[in-house]
Structures are given as structure tokens and as C-alpha cells.
Amino acid sequence: MGLLNLQRDEPAEAKAWLLKALSLNPRSSRTLRLLGIACEQLGDPAGAEAQFVAAIDADPCYFWGWHSLGEMLFKQGDLEPALRCVNRARSLQAREPASYFIVSALCAEQGHMEMAQAEMHKLLLLSPPSQVLGEAYCILGELRRDLDDLENATSYFSLAAETDPESAAPWIALGDLAREEERPEDALRCYREALAREPDAADIQVQLGYMLLKTGKAQEAECSFLTALEADPSEYSAYLGLSECYRHLKRPADQMAMVKQAMALAPEDPDVWN
């Protein structure tokens, strides 16, 4: 029940069940780790760390105990101990992709971009499943993009799309690159490919809407922004997009109404006030 409650995003309920389970088996490393995750979700990092450490004490060879502790330390910005924990996890299960992803993220966080890329290349050598392989290519694309190497970034994102045809992520990245490079027609194509894989993704609908506006298709853009709001009524950027649509369509009253909606949802966002 504890795991089920975590999957339902009910950490308080999960914690109660996990404490009951621990009363029956206080040395269960799996239960201790799940309790740590519940504590972390409840905003109790000290409690989470204590449970992850207890899980490792119960079983020093428990991969997920080391990995969860390292991931939490990474989120807190404790990079060196996080890296030690994740490397310890990898020493236990060298083929588990999670450790490569988190070490790559750690290296990138510290500005060691070559080391971050090397982690992904190590993972590629393990010939992981297509979904993991596609994610690795996507991360390599992001790293190359951060280094302003847009040509190789595009190549990696394209490889990701080819390797994992069901993933929307590489198409979103390719769309973003096309948008930044002022290639709106290419961006439209990529965002549509992404939406074919994640039709309920409001943020992608918003990007599609802005590209439709860029190409002079205000009415189509309006439909895209409205679809985004159907998927997620809190997507305030869709209201900003609608305000731009109505500006193009010379509907000032509707334009102002959409700006007010965006302000109500995100009063602290400077984009709303610009």
C-alpha cells in the first residue's frame, strides 16, 4: 500500500502504511527507502536522508538506497557526496542506466561538460533498450546545445527521434532549435510530430500556437492555444498567446481579457506585464 500511495502522489498516506510495515520488519531496506521518498515528498529532507542511510545500513549492497541518497543530495546541491553515492550504486549494478544519467547531470551541473558527455557515451556502449538509448541521445543533444554546437545537437536529437519513435522529447528539442534559428516551418513540423506522440501536452500546443502566429496563421493559432487550455486551464502562456492572436485579429477587448486571465494566474511573471 505504501508504494501504491506514492504512485498516487499521496505521501502522507504512504508514510503511515510504510511505518506500519517497518513495525513488522524494521530492517527492510526497500521499505526504508520508500519511507525516505515519502519524507522527501513531504518536504522533510533530513528525515529522507535518515531513511536512505538506514536502508543502506540494513543492506550495504542495496543499489536503490545508494542511488536515492545520491539523487536527493544532488537536488540539495551537495554535489561531491552525491557523486560518491551514485558511483557506489554503479559499482553494484554497472548496467543500470539511472546512475549514468545522474552522474552526467552532476558533471554538467559543475560545468564539466566533457565528463557529462563521457557518461552518456559509456551508457551507449552498454547497448541499452531503445527508450534509454533515445534518452541518452537527447541528453547529448542538450549538452551540445549548451555548448552552442547546434549542428551536433541537431544530429543527436535526430538520432533520438529515430531510435525511440514513440518519444515526443526529441521532436520538442528539434522544434525549439528550429524556433531559435528562425525556421518557423521546420518548428511547426517538429511540434506537430511531438503532439502526435503527446496530444495532451499543453506546453507543446502553446509552442505550436506561437509558431502559427509567426507564420501569419492567427486563427489556427487561436485553436492551438484554446486546445492547450482545454488540456491545462492553468497554462497562463496560452492566455498570452491568445492575447497576441486577438491583437492580430484586431479584437482589442478580447486581447485585454486574455491578458487579465494571464495576470490572474501568474501575477509575479514579468512576461505577463510586458
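Here is a chat about the labels used for this predicted model and what backs them up.

Visitor: Let's start with G47. Why is G47 called buried?

Guide: G47 has a relative accessible area of 15%, and buried means under 20%, so the label fits G47. As for its place, G47 is in helix α4, residues 45–58.

Visitor: And how far apart in space are G47 and E114?

Guide: They're 35 Å apart, C-alpha to C-alpha, with their positions 67 residues apart in sequence.

Visitor: What makes H67 a buried residue?

Guide: Again the cut-off is under 20%. H67 comes in at a relative accessible area of 5%, so H67 counts as buried. This residue belongs to helix α5, which covers residues 63–76.

Visitor: Which residues does H67 touch, leaving out those up to four places away in sequence?

Guide: A89, A98, S99 and I102. One of these, A89, is itself among the buried residues of α6.

Visitor: Then on to α6. How do you know what span is expected for helix α6?

Guide: Helix α6 runs over residues 79–92, which makes 14 residues, and the reckoning is 1.5 Å a residue. That gives an expected 20 Å, and α6 reaches 20 Å from its first C-alpha to its last, so the two agree closely.

Visitor: Which residues of α6 are buried, and what makes you put them on the same side?

Guide: The buried ones are L79, A82, C85, V86, A89 and R90. They cover an arc of only 140 degrees around the axis, so they sit on the same side of α6. On the other side, E80, R84 and S91 are exposed.

Visitor: What do the buried residues of α6 pack against?

Guide: Three helices: α5, α7 (97–109) and α8 (113–125).

Visitor: Now the charged pairs. Why is the pair E119 and K122 called a salt bridge?

Guide: The cut-off is a side-chain nitrogen of Lys or Arg within 4 Å of a carboxyl oxygen of Asp or Glu. For E119 and K122, the closest N and O atoms are 3.1 Å apart, so the pair qualifies. Both lie in helix α8, three residues apart, or about one turn of the helix.

Visitor: Are E119 and K122 buried or partly exposed?

Guide: One of each. E119 has a relative accessible area of 6%, so E119 is buried. K122 is at 41%, and since partly exposed covers the range between 20% and 50%, that's the label for K122.

Visitor: Which residues are linked with E119 and K122 in a network of salt bridges?

Guide: R90 joins them, so to speak: R90, E119 and K122 are linked in a network of salt bridges. R90 also appears among the buried residues of α6.

Visitor: What makes R197 and E193 a salt bridge?

Guide: Their closest N and O atoms are 2.9 Å apart, and the limit is 4 Å, so they pass. R197 and E193 are four residues apart in helix α12 (residues 184–197), so about one helical turn separates them. R197 is at 28% relative accessibility and counts as partly exposed, and E193, also at 28%, is partly exposed too.

Visitor: And where do R247 and E244 lie?

Guide: Both are in helix α15 (residues 236–248), three residues apart. Their side chains meet in a salt bridge at 2.9 Å, N to O. R247, at 42% relative accessibility, counts as partly exposed, and so does E244 at 28%.

Visitor: How many salt bridges does a search of the whole structure find?

Guide: It finds 13 salt bridges.

Definitions and conventions: Residues numbered from 1 in each chain as written. Predicted model: local features only at pLDDT ≥ 70, side-chain atom pairs only at ≥ 80, totals over all residues. Heavy atoms only, no water. Helix = DSSP H or I, 4+ residues; strand = E, 2+ residues; numbered from the N terminus. Buried < 20%, exposed > 50% of the residue type's maximum accessible area, 1.4 Å probe, protein only. Contact = heavy atoms within 4.5 Å. Arc of directions from axis to C-beta.
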